[in-house]
Amino acid sequence: MASSSICALLLLLAAFSCHCHAAAAAAYRRPRAIGVNYGNLGDDLPTAARSVKLLRKANAGAVKLYNADQRILHALAGTGIPVSVMVPNDIVPSLADSRAAARKWVDNNLKRHPRVRVRYLLVGNELLSYPALAASTWGKIVPAMKNLRHALHAIGLGRVKLGTPLAMDALAASYPPSAGAFREDIADPVMRPLLDFLNHTRSYYFVDAYPYFPWAANQKDISLDYALFEGNASSHYVDPATRLAYTNLLDQMLDACIAAMDKLGYGGVKLAISETGWPNAGDPGQAGANVRNAALYNRHLARRMHKKLGTPARPRSKMPAFVFALYNEDLKPGAGTERHWGMFYPNGTWVYQIDLTGRRTARSYPPLPPPDDQTGKLEWCVLAGGGKPLNETAVALALNYACGQGTGTCAAIQPGGACYEPNTLDAHASYAINAYWQQFKAKGGSCYFNGLAVKTNKDPSYLSCKFPSY
Ligand SMILES: *[C@@H]1O[C@H](CO)[C@@H](O)[C@H](O)[C@H]1NC(C)=O
Ligand SMILES: *[C@@H]1O[C@H](CO)[C@@H](O)[C@H](O)[C@H]1NC(C)=O
Ligand SMILES: *[C@@H]1O[C@H](CO)[C@@H](O)[C@H](O)[C@H]1NC(C)=O
Ligand SMILES: *[C@@H]1O[C@H](CO)[C@@H](O)[C@H](O)[C@H]1NC(C)=O
């Protein structure tokens, strides 16, 4: 009751302040909704102002930045959207070593935006995942937080919570959830003082938790449905130690963090999900990365947060959460999935619709595309290529070998056949390799051809040329 009346009061205040700034855009009725990570590692992304519109379109309850980008903060001023700002990894030690430096950082980056509603100040990003930073930075996280806390108090932002997002690799064990434990190298020297600070300031343990990764690494043992919050009673998992029943992989991961904190005596520290999400595309062969799964994951997440389900270890607990990410970011390095976490394409159109308040039911969304390219059961075997010039002699040998097996394997690439055009060695070889593999895979034929061939879930068919798949 108390919290809902405070909420009503805040809404009133928001409406009132908007009245004063009549020129400002219509009141942002802050929905209770999950937040969004606004990463901007792209060379083709919309302006900050347009991005704010898109955040509203998704009904984002908050936004999280990876720095203190002044243009973005400027665009967020007066919107009422709660903002989480991040201190870059490389300056954490200097802010720890000097209270004046912390003060200066806060003055330069936050003080000049009095109309930005700063909610969290995050000190570094996944710092404990970089052993190279162990000596220089790990021990500086809490001292930096303390200095920043003073600085925030000094400019009237004493209510801003400090934290530091950690990846799941802060844990040495996470399965079963009750076995959750921090890595030995960090448990005492780093986690204990950090948890003490978080507990003392009633802040959160911020975790970046992506069920996609453990699922992708272990598809034999983890069902996709369980990772996507679509599990049924038979896919539930019961922790043998606690007897708690899990219906999805994210809850397991979160409760492993709680168990790890508990083992150090800080089981009461609140949890916040600083990043989670599901990739909407990836490289050929990166299973499960598609629009359908991304939409299902994030929509279910929003819905669960709306219902305030908490986790089995902490039912009905309040847990701030931020989806990764606002955009597909083309400059992120790494596998194809890395560049495909967005709710929006860089041109500002939806990758898939989502209402982050979680109020919208699954059925009220337009139909999703089938679990196409990457997850589908269909597979093809084609010439690897990928832009590299191939050894023509070897390709020709592969083509001849493939066509020499079976019956009618290469009929479609004969003159007049549906796959004769384009009449190139590579195109014909791709067709032949696939045709061969489809006929012989069940008998042990492999998709290898001395490294020239690769499997894909993406249908290579074109025009009337159909690449078979059985
Ligand atoms: C955590 O904070 C609570 C409330 O301030 C306090 O009672 C408790 O002793 C703290 N826990 C530890 C392990 O310091
Ligand atoms: C339950 O989910 C599992 C894993 O996704 C699936 O294999 C099984 O067929 C499902 N059972 C029912 C009754 O839907
Ligand atoms: C936006 O980009 C996506 C992905 O490249 C594309 O499919 C879509 O057609 C584009 N929409 C517009 C309006 O340009
Ligand atoms: C190309 O492939 C052929 C046949 O496998 C091989 O004999 C030859 O050495 C290869 N050439 C190069 C440059 O790798």
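In this predicted model, a polar side-chain atom of N199 lies 2.4 Å from an oxygen atom of ligand 1, and the residues around that ligand are D196, N199, R202, G265 and Y266. The protein covers 39% of the 360 Å² of accessible area that ligand 1 has on its own. Beyond the ligand, the points set out below concern the two assigned domains, the three disulfides found in a search of the whole structure, and several backbone features, among them a cis peptide bond between Y175 and P176.

**Ligand 1 and its surroundings**

- Sorted by class, the shell of ligand 1 comprises two charged residues, two polar residues and one nonpolar residue, and its members are D196, N199, R202, G265 and Y266.
- Within this shell, N199 supplies a polar side-chain atom at 2.4 Å from an oxygen atom of the ligand, a separation that falls within the 3.5 Å cut-off for a polar contact between N or O atoms.

**Domains**

- The domain assignment divides the protein chain into domain 1, which spans 23-373, and domain 2, which spans 378-456.
- Taken over C-alpha atoms, the centres of domain 1 and domain 2 are separated by 44 Å.

**Disulfides**

- Three disulfides are found when the whole structure is searched, and, with the bonded cysteines of the protein chain numbered in sequence order, their pairing reads 1-5, 2-3, 4-6.
- C381 and C447 are joined with their sulfur atoms 2.1 Å apart, and this link is right-handed, with 90° about the S-S bond. The pair connects distant parts of the chain, with C381 in strand β14 and C447 in the loop between α14 and β15, 66 residues apart.
- Both partners of that link count as buried, because the relative accessibility is 0% for C381 and 14% for C447, and the cut-off for a buried residue is under 20%.
- C403 and C410 form another disulfide, in which the sulfur atoms are 1.9 Å apart, and here the link is left-handed, with -85° about the S-S bond.
- The two ends of the C403 and C410 link fall into separate accessibility classes: C403 has a relative accessible area of 29% and is therefore partly exposed, whereas C410, at 6% relative accessibility, counts as buried.
- A further disulfide joins C419 to C465, with an S to S distance of 1.9 Å, and because the torsion about its S-S bond is about 100°, this disulfide is right-handed. C419 lies in the loop between α13 (392-404) and α14, while C465 lies in the segment after β15, so the pair ties together parts that are 46 residues apart in sequence.
- Both C419 and C465 are buried.

**Another cysteine**

- C257 has a relative accessible area of 1% and is therefore buried.

**Cis peptide bonds**

- Y175 and P176 are joined by a cis peptide bond whose omega is about -10°, and P176 is found in the loop that runs between β7 (171-173) and β8 (181-182).
- A cis peptide bond also joins F324 and A325, where omega is about 15°, and A325 lies in the loop between β13 (321-324) and β14 (380-383).

**Positive phi angles at residues that are not glycine**

- R316 has a positive phi of about 60° although it is not a glycine, and R316 is located in the loop between α12 (291-306) and β13. With a relative accessibility of 66%, R316 counts as exposed, because the cut-off for that class is over 50%.
- N450 likewise is not a glycine and has a positive phi, of about 55°, and N450 is found in the loop between α14 (425-440) and β15 (453-456). Its relative accessible area is 72%, so N450 is exposed.

Definitions and conventions: Residues numbered from 1 in each chain as written. Chains lettered and ligands numbered in written order. Predicted model: local features only at pLDDT ≥ 70, side-chain atom pairs only at ≥ 80, totals over all residues. Heavy atoms only, no water. Helix = DSSP H or I, 4+ residues; strand = E, 2+ residues; numbered from the N terminus. Buried < 20%, exposed > 50% of the residue type's maximum accessible area, 1.4 Å probe, protein only. Near = heavy atom within 4 Å. Polar contact = N/O pair within 3.5 Å; in protein donor to acceptor, adjacent residues only side chain to side chain. Areas by Shrake-Rupley, 256 points an atom, 1.4 Å probe, with all protein chains shown as cover. Nonpolar A, V, L, I, M, F, W, Y, C, P; charged D, E, K, R; others polar. Domains from an automatic or database assignment. Disulfide = S-S within 2.5 Å.
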